[in-house]
Amino acid sequence: MRRIIAGAIAAWALGFVWFAVALPQPAEQMQTDAIVVPTGSGGRIQRGLEILQTGAAEQMLVTGVDVSVQPDEFQAEFDVPTRIMDCCVTLGFSALDTRGNARETAEWLADRNYTSLRLVTADWHMRRASLELQDQLPDDIDVLTDAVHSEPSFGTLFIEYHKFIAVWAQQVLG
C-alpha cells in the first residue's frame with residue numbers, strides 16, 4: 001500500500017514539474033480560418049488582434065466577454081480599426097469559465113464552415129483550455145495552440161495543474 005501511495009505522489013509531483021517547466025509556446029505564423037481568444041490575463045486579445053490584422057485568419061471570437069462591455073468600448077480599449085471590428089471581430093458574452101468558452105466557441109464555429117482555428121490564451125492556461133475545446137469540437141476541426149508568454153506565480157500554476165488534472169480525469173472516465 002505504501003508503494004502505491006508513494007508512486008501516486010511521485011507521479012503527481014513529476015506531473016507538476018512537467019506542467020510548470022514545459023509551458024506551451026507561441027505558434028508560428030500559420031493560416032487558420034479563425035482565431036479564438038478566451039478573456040483573461042493580459043496579452044491574449046492583443047495577440048489575437050495582431051494575428052487577425054496580418055490576414056492569418058478571417059475572423060476572431062473573443063469568448064467570455066463581460067456583459068457590461070460595449071463593442072465600442074472594446075474597440076477603443078484595444079485600438080481596433082473600425083473595418084476590422086465591423087467585419088472580423090465577434091464578442092461572445094455567454095461564457096463564464098473555460099468550459100463555457102469551449103461551448104461558446106463550438107456554437108460560434110457551428111454557424112460557420114471553418115475547419116481550423118487558432119486558440120490564443122496564456123501559456124499556463126493553454127493545456128486545460130485546449131482540452132476543454134477539443135472535447136466540445138467535432139473531430140474534423142484542427143486546433144493550433146498559440147500560447148501567450150506570461151510569468152505565472154507558483155500559486156497560479158498549482159491551481160491550474162489541479163484544474164487540468166480534473167478536466168483530464170473527467171474526460172478519461174467519461
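## Two helices side by side

A helix axis here is a line fitted to the C-alpha atoms over the stretch in contact, and angles between axes run from 0 to 180 degrees between N-to-C directions. Keep that in mind as you look around this predicted model. With that idea in hand, take helix α6 (residues 126–136) and its partner α7: their axes sit 9 Å apart, and the two helices pack at an angle of about 20°. Angles under 35 degrees count as roughly parallel, so α6 is roughly parallel to α7. The way α6 passes α7 is a left-handed crossing.

Which residues do the touching? On the α6 side they are Arg127, Arg128, Leu131, Glu132 and Asp135, and on the α7 side they are Glu160, Lys163, Phe164, Val167, Trp168 and Gln171.

## Another partner for α6

Helix α6 also meets α5. The axes of α5 and α6 come within 8 Å and cross at roughly 40°, and these two helices are therefore oblique to each other. This crossing is right-handed. From α5, the residues making the contact are Thr98, Arg99, Ala102, Arg103, Thr105 and Ala106, while α6 brings Arg128, Ala129, Glu132, Leu133 and Gln136.

Let's zoom in on one of those residues. Thr98 has its place in helix α5. Is Thr98 buried or exposed? Its relative accessible area is 10%, and under 20% means buried, so Thr98 is buried. Leaving aside residues up to four places away in sequence, Thr98 touches His125, Arg128, Ala129 and Glu132.

## How enclosed is α6?

Of the 11 residues in α6, 8 are buried, so this helix is largely enclosed by the rest of the structure. The buried ones are Met126, Arg127, Arg128, Ala129, Ser130, Leu131, Glu132 and Leu133. What lies over them? The cover includes α1 (2–21), α5 (98–110), β4 (116–122), β5 (142–148) and α7.

Helix α2 (residues 44–53) is mostly covered too, with 7 of its 10 residues buried. Those residues are Arg44, Ile45, Arg47, Gly48, Leu49, Ile51 and Leu52. Just after α2 comes Gly55, which takes a positive phi of about 85°.

## Rings that pair up

Now for the aromatic side chains. When ring centres have to lie within 6.5 Å to make a pair, the count comes to 13 aromatic pairs. One of them joins Phe74 and Phe78, whose ring centres are 4.9 Å apart with planes at 50°, so this pair is tilted. Phe74 is buried at 4% relative accessibility, whereas Phe78 is partly exposed at 23%.

Phe154 and Phe158 pair up as well. Their ring centres are 5.9 Å apart and their planes lie at 25°, so they count as stacked. What separates them along the chain? Both sit in helix α7 (residues 154–173), 4 residues apart, or about one helical turn. An α-helix has 3.6 residues a turn, so residues three or four places apart point the same way. Phe154 is exposed, with 59% relative accessibility, and Phe158 is partly exposed, with 33%.

These two phenylalanines belong to one aromatic cluster, formed by Trp12, Phe16, Trp18, Phe19, Phe154, Phe158, Tyr161 and Phe164. Another cluster member, Trp18, has Arg127 lying over its face, 4.0 Å from the ring centre. We met Arg127 earlier as one of the buried residues of α6, and as one of the α6 residues that meet α7.

## Two aspartates to look at

Find Asp79 in the loop between α3 (71–77) and α4 (82–88). What is the phi of Asp79? It is positive, at about 55°, although Asp79 is not a glycine. Asp79 is exposed, with a relative accessible area of 66%.

Asp142 is found in strand β5, and it counts as exposed at 53% relative accessibility. How far apart in space are Asp142 and Arg118? From C-alpha to C-alpha they are 8.5 Å apart, with their positions 24 residues apart in sequence. Not counting residues up to four places away in sequence, Asp142 touches Thr115, Ser116 and Leu117.

Terms used. Residues numbered from 1 in each chain as written. Predicted model: local features only at pLDDT ≥ 70, side-chain atom pairs only at ≥ 80, totals over all residues. Heavy atoms only, no water. Phe/Tyr/Trp six-rings, centres within 6.5 Å; stacked < 30°, edge-to-face > 60°. Buried < 20%, exposed > 50% of the residue type's maximum accessible area, 1.4 Å probe, protein only. Lys NZ or Arg CZ within 6 Å of the ring centre and 35° of its normal. Parallel < 35°, antiparallel > 145°, perpendicular 65-115°, else oblique. Left-handed = near helix turned anticlockwise from the far one by under 90°. Contact = heavy atoms within 4.5 Å.
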